[in-house]
There are 2 protein chains.
Amino acid sequence: MNATPRWLDPEQQAAWDSFIRMQEKLIGRLARRVQADSRMSPSDYIVLAKLTEAGGRMRFMDLTKLVEWEKSRMSHQVARMAKRGLVRKEDCPDDGRGAFVVATPAGREAIEEAAPVHVEHVRRLFVEALTQEELDTLARISDRVLAHLETQPD
Amino acid sequence: MNATPRWLDPEQQAAWDSFIRMQEKLIGRLARRVQADSRMSPSDYIVLAKLTEAGGRMRFMDLTKLVEWEKSRMSHQVARMAKRGLVRKEDCPDDGRGAFVVATPAGREAIEEAAPVHVEHVRRLFVEALTQEELDTLARISDRVLAHLETQPD
DNA sequence: ACCGAGTGGTTGACGTGTCATCCAACCTAG
DNA sequence: CTAGGTTGGATGACACGTCAACCACTCGGT
C-alpha cells in the first residue's frame with residue numbers, strides 16, 4: 001500500500017545506527033580533547049584555524065560563510081572570543097556596516113599550539129583506525145551524501 | 001626526525017574534511033527537521049524513542065546507560081521533559097535513591113507521531129543517497145572506528 | 001553496629017547554539 | 001533624491017551539554 005515503507009529495513013537501520021554512534025563518540029572525544037589540551041572550545045579552534053589560515057584578518061561575513069555557520073552564531077562566537085582576547089573586531093572603512101575579525105597575537109599563539117596536538121588526536125582516533133583505502137571510500141561516501149543533500153529540499 | 005609527521009597527508013586530510021562536513025550538515029538538517037516537525041529536540045526524540053521501545057518505564061540509570069549519556073545530562077533532560085509533560089518521575093521502592101522514568105500518554109503520542117516522519121527524513125536524506133553496498137561499507141567502517149576508539153585511552 | 005567505598009541521582013554555574021527580531025548602512029529603480 | 005528591498009551584523013531569550021560538587025542511600029567488611 002505504502003510506496004515508501006514505514007521503517008528502515010534491518011541493514012539500513014544497522015548502517016544508520018553504526019554511523020550515528022561512531023560519529024557521536026568520535027566527535028565527542030575530540031571535543032573533550034581539544035578542550036582539555038588547549039582551553040579552547042571546538043568552535044574557538046575552527047574559527048581561529050580558518051581565520052589564521054586566511055591570513056589572520058577577514059571580513060565577518062566571509063568568515064561566517066567559510067565555516068558555513070549562521071551569522072548569529074558567528075556573532076556570539078566572535079564576541080566571546082574577543083572577550084577572551086583571541087580575536088579583535090575592527091570597523092570596515094569601505095562599508096559602514098561591515099567589520100573585520102582579526103586574530104590577536106594571543107589567538108595566533110593559541111592556535112599554533114593547539115593545532116598539532118589536535119591533528120595528533122585526529123590521527124590517533126580516526127586515521128589510524130582505517131586503511132588508506134577505507135579512508136578514500138569514506139570520503140567518497142561522504143561526498144555522495146553531501147551531493148545528495150544539495151538535491152533535497154530543506 | 002618525527003616518527004609521526006605533524007600534519008595529515010592530503011588524502012587523509014581530504015577524507016577527514018569530507019566526513020566532518022557531511023556529518024555536520026546531515027545531523028544539523030535532521031535536527032532542524034525533528035524540531036520543526038514535532039516540536040521536540042533531538043534529545044527528546046531519542047529519550048522517548050528508547051524509553052517507549054523498552055516499554056515506557058525504566059530505571060533512570062538504565063536509560064542513561066542505554067543512550068550512552070552522562071547522568072547529569074539525563075538528569076537535566078528528564079527534568080525538562082517532565083516540565084513539558086512528556087515524561088514523569090516515580091520513586092523506586094526497592095532502592096531509596098532510585099527513580100523510574102515513565103513515558104506519559106502525551107509522551108507516547110508525541111513519539112508515535114514523530115517517529116515515522118523522522119524515519120522518512122533519514123531515508124530521504126541519508127539512505128537514499130547511497131546503495132545498499134555503500135551502506136554496508138559505511139557500517140563496517142563505522143564499526144571499525146568504534147572498535148578502534150575502545151582500544152585508545154581517553 | 002559501624003564505617004568507608006561505591007552507586008543513584010540532583011544541582012548550579014557556565015559556555016554554547018538557535019531563533020526571531022532588530023537596526024543601520026547600502027543599492028537600485030523610478 | 002528618495003522609497004523599498006537587501007545585506008552586514010548585533011542582541012536577547014531560551015534550550016541544551018558539561019563540569020564539578022554535592023547529597024542520600026546501599027552494601028561489604030570488620
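Start with DNA strand C. Of its atoms within 4 Å of the protein, 59% belong to sugar or phosphate and the rest to bases. This is a predicted model: local features need pLDDT of at least 70, side-chain atom pairs count only at pLDDT 80 or more, and totals for chains, interfaces and linings use all residues. Residues are numbered from 1 along each chain as its sequence is written, chains are lettered from A and ligands numbered from 1 in the order in which they are written, and side-chain values use heavy atoms, with hydrogens and water left out.

Who surrounds strand C? There are 26 residues around it. A residue is near a strand if one of its heavy atoms lies within 4 Å of it. A:Arg73, A:Arg84, B:Met61, B:Arg97 and B:Ala99 come nearest. By class, the surface near DNA strand C has three nonpolar, 10 polar and 13 charged residues. The classes: Ala, Val, Leu, Ile, Met, Phe, Trp, Tyr, Cys and Pro are nonpolar; Asp, Glu, Lys and Arg are charged; the others, Gly among them, are polar.

Which element gives the largest share of that surface? H4(A), with five residues. Helices here are DSSP runs of H or I, at least four residues; strands are runs of E, at least two; both are numbered from the N terminus.

Now polar contacts with strand C, meaning pairs of N or O atoms within 3.5 Å. A:Ser72 puts a polar side-chain atom 2.7 Å from a base nitrogen. A:Arg80 has a side-chain N or O atom 3.0 Å from a phosphate oxygen. B:Ser72 has a polar side-chain atom 3.5 Å from a base oxygen.

Next, DNA strand D. It is surrounded by 24 residues, the closest being A:His76, A:Ala99, B:Ser72, B:Arg73 and B:Arg84. Sugar and phosphate make up 59% of the strand D atoms that come within 4 Å of the protein. The surface near strand D holds three nonpolar, 10 polar and 11 charged residues. H4(B) gives the largest share, five residues.

Contacts again. A:Arg97 reaches a base oxygen of strand D at 2.6 Å, through a polar side-chain atom. A:Met61 uses a polar backbone atom, 2.7 Å from a phosphate oxygen. B:Glu70 has a polar side-chain atom 3.3 Å from a phosphate oxygen.

Last, the sheet in chain B. Three strands form an open, antiparallel sheet in the order E1-E3-E2. Pairing needs at least two DSSP bridges between two strands. The edges are E1 (57-59) and E2 (87-91), each paired on one side only. E1(B) and E3 (residues 99-103) of chain B share three bridges. B:Arg57 stands opposite B:Val102 in E3(B).

Definitions and conventions
A polar contact is a pair of N or O atoms within 3.5 Å; within protein, one must be able to donate a hydrogen and the other to accept it, and residues adjacent in sequence count only if both atoms are side-chain atoms.
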